[in-house]
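Welcome, and please take a moment to look over the structure below. The paragraphs that follow walk through it step by step.

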Amino acid sequence: MTLDTLKAADAAPLLLDWYDRHHRDLPWRVSPPMAARGAVADPYHVWLSEVMLQQTTVQAVKAYFDKFLRLWPRVEDLAAAETEEVMKAWAGLGYYARARNLKKCAEVVAREHGGRFPDREEGLKSLPGVGDYTAAAIAAIAFNRHSAVLDGNVERVISRLYAIETPLPAAKPEMRRLVSELTPLDRPGDFAQAMMDLGATICAPKRPACALCPFRGNCRALTVADPETFPRKAARKEKPLRLGAAFVAIDRSDAVYLRKRADSGLLGGMTEVPGTDWTARRDGETSIEAGPFAAAWEACGTVTHVFTHFELRLSVYRAEVGDMAACAEGWWEPIASLKAQALPTVMKKAITQAIPHAFKAV
DNA sequence: GAAACGTGGCA
DNA sequence: TTGCCAAGTTT
């Protein structure tokens, strides 16, 4: 078999045979043995897992997937939930626009589609938070549609199979065409999951295990270059440093002053302690006059947090407030219930800096 | 097309 | 320690 003949007729059986023997067992997956016993994929489970898995590791998703199904077993339950409760449950997983869109999408499916997900790519793509990848994945995995699934794993596998020199993301259209050719009419969902499993376990970003790969006899990268150097990518830009201050106020009853962030933008819709803007300014000390109210603010160190496109250094201030200050915009939350709030990781870091035991188990 | 958008793990 | 990377979408 030569590379030029690696079409669906040859690639799919090779890969599906590998998948039948080496697939990963995942909480949201109907594996081949389960399918043999008559199990079918639940579109709600497939959708929920796919959204959680966007730019997020399998390991991180597992606990959240279980929690969401426990809290909201059906899409109608999620549609009926309070958005604030969804944000709380999502806290820590990152990319919070996904949680807002998840809730919106559940409402659309429950109210406009009678609780059933659209069963084709075009319909799925119109849902909030469902883009090219997720629409194709749900169509193939949940509805057995002949959809070509292209994610980061598949891009890596394809770029190596064909030794594609065009850097990402410019190479995506070509990659999509190639995946379409390889995707079989039979078991398209398993083919997609197999490509992703292969990319995650064998055709890994670093030190791929080429000797174990079902495509080892068909991989152009393996013959012409170091497979690890694919896919080609444009160089990354440097992350700027931004500075800011966070103010942790504690009252006599051990409650912390919190407020809600705007619904859009960074950490949109999440909860925070009051703080300054995060600016690129590097001119030294933050003024405690920036605090949410007059108090004996006391510096208690800094925390660093790395976001996708900048690094943040927060100066943390603490004050013990005798009587609850006027707080039209926020509220006082007991320390004991802080861990159940919609606090992003950076805010948990800031609060922990001011109150080391804040998130410790009781 | 480029930039915004989180977090944690690993080498 | 620093950088890379993970089942992308939206604006």
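Let us begin with a pair of helices: helix 10 and helix 11 are roughly perpendicular to each other, because an angle of 65 to 115 degrees counts as roughly perpendicular, while angles under 35 degrees are roughly parallel, over 145 roughly antiparallel and the rest oblique. Helix 11 covers residues 172–182, and the two helices pack at an angle of about 85 degrees with their axes 10 Å apart. Here axes are lines fitted to C-alpha atoms, for helices over the stretch in contact, and angles run from 0 to 180 degrees between N-to-C directions. Helices (H or I, at least four residues) and strands (E, at least two) are DSSP runs, numbered from the N terminus.

Before going further, a word on what you are looking at. This is a predicted model, in which local features need pLDDT of at least 70 and side-chain atom pairs count only at pLDDT 80 or more, while totals for chains, interfaces and linings use all residues. Residues are numbered from 1 along each chain as its sequence is written, chains are lettered from A and ligands numbered from 1 in the order in which they are written, and side-chain values use heavy atoms, with hydrogens and water left out.

Back at the first pair, Val-154, Glu-155, Ile-158, Ser-159 and Leu-161 of helix 10 meet Lys-172, Met-175, Leu-178, Val-179 and Leu-182 of helix 11, where contact means heavy atoms within 4.5 Å. By class, these residues are 7 nonpolar, 1 polar and 2 charged. For these classes, Ala, Val, Leu, Ile, Met, Phe, Trp, Tyr, Cys and Pro count as nonpolar, Asp, Glu, Lys and Arg as charged, and the others, Gly among them, as polar. The loop between helix 10 and helix 11 holds Pro-169, and the peptide bond that joins Leu-168 to Pro-169 is cis, with omega about 0 degrees.

Two further spots in the backbone deserve a look. Most residues other than glycine have a negative phi, and most peptide bonds are trans. Another cis bond runs from Phe-230 to Pro-231, with omega near 0 degrees; Pro-231 sits in the loop between helix 13 (220–224) and strand 1 (241–251). Tyr-95, for its part, has a positive phi near 45 degrees and lies in the loop between helix 6 (83–90) and helix 7 (97–112).

Tyr-95 also leads us to the DNA. One of its polar backbone atoms is 3.0 Å from a sugar or linking oxygen of DNA strand B, a polar contact being a pair of N or O atoms within 3.5 Å; within protein, one must be able to donate a hydrogen and the other to accept it, and residues adjacent in sequence count only if both atoms are side-chain atoms. Phosphate oxygens of DNA strand B are met by His-305, through a polar side-chain atom at 2.7 Å, and by Thr-345, through a polar backbone atom at 2.7 Å. Strand 4 (298–306) and helix 14 (345–354) are the elements that give two or more residues to this surface. In total, 19 residues surround DNA strand B, each with a heavy atom within 4 Å of it. They divide into 9 nonpolar, 9 polar and 1 charged.

What surrounds DNA strand C? There are 26 residues around it, with Glu-50, Gly-129, Asp-151, Asn-153 and Arg-156 coming nearest. A polar side-chain atom of Asn-153 is 2.2 Å from a phosphate oxygen of DNA strand C, and a backbone N or O atom of Gly-129 lies 2.6 Å from a phosphate oxygen of that strand. A polar backbone atom of Tyr-133 is 3.3 Å from a phosphate oxygen of DNA strand C. Helix 9 (132–143), helix 10 (152–161) and helix 12 (188–201) are the elements giving two or more residues here. The surface near DNA strand C has 10 nonpolar, 9 polar and 7 charged residues.

Helix 9 brings us to another packing. Its axis and that of helix 3 come within 10 Å and cross at roughly 150 degrees, which makes helix 3 roughly antiparallel to helix 9. Pro-43, Val-46, Trp-47 and Glu-50 of helix 3 are in contact with residues of helix 9 including Tyr-133, Ala-137 and Phe-143.

Finally, helix 3 (residues 43–52) and helix 4 (residues 58–71) have axes that come within 10 Å and cross at roughly 140 degrees, so these two helices are oblique to each other. Tyr-44, His-45, Leu-48, Ser-49 and Met-52 of helix 3 make this contact with Val-61, Tyr-64, Phe-65, Phe-68 and Leu-69 of helix 4.
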